[in-house]
Amino acid sequence: MLKSYKVEIKPTQEQIIKIHKTIGVSRFIYNFYIDHNKKIYEKEKKFISGIDFSKWLNNEYIPNNQDKLWIKEVSSKATKQAIMNGDKAFKRFFKGLSRFPKFKKKKNQNVKAYFPKNGKTDWTIKRHKVKIPTLGWMRLKEFGYIPTNSKVKSGTVSQNINRYYVSILVEENNNTIKPINKGIGIDIGIKDFAICSNGMTFKNINKTSKIKKLEKKLKREERKLSRKYESLKFKNKKKKGEATGQNIQKQIVEVQKVYQRLSNIRTDYINKTINKIVKQKPSYITIEDLNVSRMMKNKHLAKAIAQQRFYEFITKLQYKCKLNNIELRVVDRFYPSSKTCSCCGAYKKELKLSDRVYRCNNCNTEIDKHLNASINLANAKKYKIA
């Protein structure tokens, strides 16, 4: 089966220049393809596919424009992948699956450099380093994480602020042990991140002092950035301590560093939570089909829901379950898991959102509301397989 590994790398200064050049060209080609398609559609009312644009770019545009020869200085596979990414974005738009493709901005750093495996020696993996096509050997920051006996298919190099990462797609055998324990139901919430039917509780990491300190720091850094932008508006009036474009760019990097730190902590917590759940070796895991987009419309809870990253958690849980032969069950979003008693099955209609304890009027059972919901999810009879 195919599996991906993402590791931080330590490139040399020469390799950093090559990475920046490849990422820059990939971003330019992606934006150029979108802009070219918009112009062609306005004039001729037709869509240019990625293959046709690639032929036109290499056979007509670059030879006739000598100032664009720098496009050829990077890997041709990287530029072709950027075109195909744009082609995929347009096709998703035509099918109604996404919005119209947007231009990629340099400051967002959302472009990756794609490197396929062309020769036998490309993407050679060792315990502490990896050989990337056109870039050469590059040192890994985590030793022994990527299995050296894996068959590499392709890989990408990406940049996030002042850090560089390599993501490698490998083909390896899936030697997983069959699940031996009974199933688990998981109730996802805001007060606590996840409550399992077997008693395991994972708290909301966003309420910890570490996250709160970083969020305060983020507010201060964003306030500094806002003041620099305000100062730049009065550029013609020479004042002492006036902000320049270079100072603004430095402050943008400082803001991005805090965002990166917060993102890394939350992602790490999700990964560890899923790992602990899967290590229980349940025969199945049941979750509720949450309507996250509708939940986000509540202005009082939108920020708390966004910080919990429910979509990322469900996506990674689905991948881990598939990897470990665990059946992932998804119960309908209207299933009354919170309002049904897990002991006698009685339905309590008047349960409020503020109630933390479920008290059954039929059998007098008192149980935590979320634990009660997770037990009901584990015992659910109607579900879909994810």
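**Exercise 1. Overall make-up**

What share of the contacts in the protein chain with a separation of 6 or more comes from residues 24 or more positions apart? Describe the chain as a whole as well.

Solution.
- Step 1. The model is predicted.
- Step 2. Of the contacts with a separation of 6 or more, 65% are between residues 24 or more positions apart.
- Step 3. Nine helices and 14 strands form the secondary structure of the protein chain.
- Step 4. The C-alpha trace spans about 85 × 60 × 50 Å along its principal axes.
- Step 5. The protein chain has 386 residues, and 40% of them are buried.
- Step 6. About 23900 Å² of the protein chain is exposed, with 50% of that area supplied by carbon and sulfur atoms.

**Exercise 2. Charges**

State how many positive and negative side chains the protein chain has, and how far apart the centres of the two sets lie.

Solution.
- Step 1. There are 88 positive side chains and 32 negative ones.
- Step 2. The centre of the positive set and the centre of the negative set lie 3 Å apart.

**Exercise 3. Domains**

List the domains, then describe how domain 2 and domain 3 meet.

Solution.
- Step 1. The domain assignment gives domain 1 as 2-171, domain 2 as 184-202 + 274-385, and domain 3 as 206-271.
- Step 2. Taken over C-alpha atoms, the centres of domain 2 and domain 3 are separated by 36 Å.
- Step 3. Contact between these two domains involves twelve residues of domain 2 and nine residues of domain 3.
- Step 4. Between them, domain 2 and domain 3 bury about 980 Å², of which 45% is on carbon and sulfur atoms.
- Step 5. On the domain 2 side, Gln-307, Arg-309 and Lys-316 supply 49% of the area buried against domain 3, more than any other three residues.

**Exercise 4. Two residues of helix 9**

Are Lys-369 and Ser-374 buried or exposed? Give the residues that each one touches, not counting those up to four places away in sequence.

Solution.
- Step 1. Lys-369 is in helix 9, which covers residues 369-378, and Ser-374 is in helix 9 too.
- Step 2. Lys-369 has 6% relative accessibility, so it counts as buried.
- Step 3. Ser-374 counts as buried because its relative accessibility is 0%.
- Step 4. Beyond four places in sequence, Lys-369 touches Ser-338, Leu-351, Lys-352, Leu-353, Asp-355, Arg-356, Val-357 and Tyr-358.
- Step 5. With the same exclusion, Ser-374 touches Gly-185, Ile-186, Asp-187, Ile-195, Cys-196 and Ser-197.

**Exercise 5. Positive phi in two loops**

Where are Thr-134 and Lys-281 found? Classify each by its accessibility.

Solution.
- Step 1. Thr-134 is not a glycine, yet its phi is positive, at about 70 degrees.
- Step 2. Thr-134 is in the loop between strand 3 (129-132) and strand 4 (136-140).
- Step 3. The relative accessibility of Thr-134 is 52%, so Thr-134 counts as exposed; the cut-off for exposed is over 50%.
- Step 4. Lys-281, a residue other than glycine, has a positive phi near 55 degrees.
- Step 5. The loop that holds Lys-281 runs between helix 5 (245-278) and strand 10 (284-288).
- Step 6. Lys-281 is partly exposed because its relative accessible area is 33%.

**Exercise 6. A distant pair**

How many residues apart in sequence, and how far apart in space, are Glu-60 and Ser-354?

Solution.
- Step 1. Glu-60 lies in helix 2, residues 50-64.
- Step 2. Glu-60 counts as partly exposed, since its relative accessibility is 44%.
- Step 3. Glu-60 and Ser-354 are 294 residues apart in sequence, and their C-alpha atoms are 66 Å apart in space.

Notes:
Residues are numbered from 1 along each chain as its sequence is written. This is a predicted model: local features need pLDDT of at least 70, side-chain atom pairs count only at pLDDT 80 or more; totals for chains, interfaces and linings use all residues. Side-chain values use heavy atoms; hydrogens and water are left out. Helices (H or I, at least four residues) and strands (E, at least two) are DSSP runs, numbered from the N terminus. Buried means under 20% relative accessible area, exposed over 50%, partly exposed in between (1.4 Å probe, protein chains only). Contact means heavy atoms within 4.5 Å. Accessible areas come from the Shrake-Rupley method with a 1.4 Å probe; for residues, only the protein chains shown count as cover. Lys and Arg count as positive and Asp and Glu as negative; His and the chain ends are not counted. The place of a charge is taken as NZ of Lys, CZ of Arg, CG of Asp or CD of Glu. Domain bounds come from an automatic or database domain assignment. Buried area is the accessible area (1.4 Å probe) that two parts lose on being put together, summed over both.
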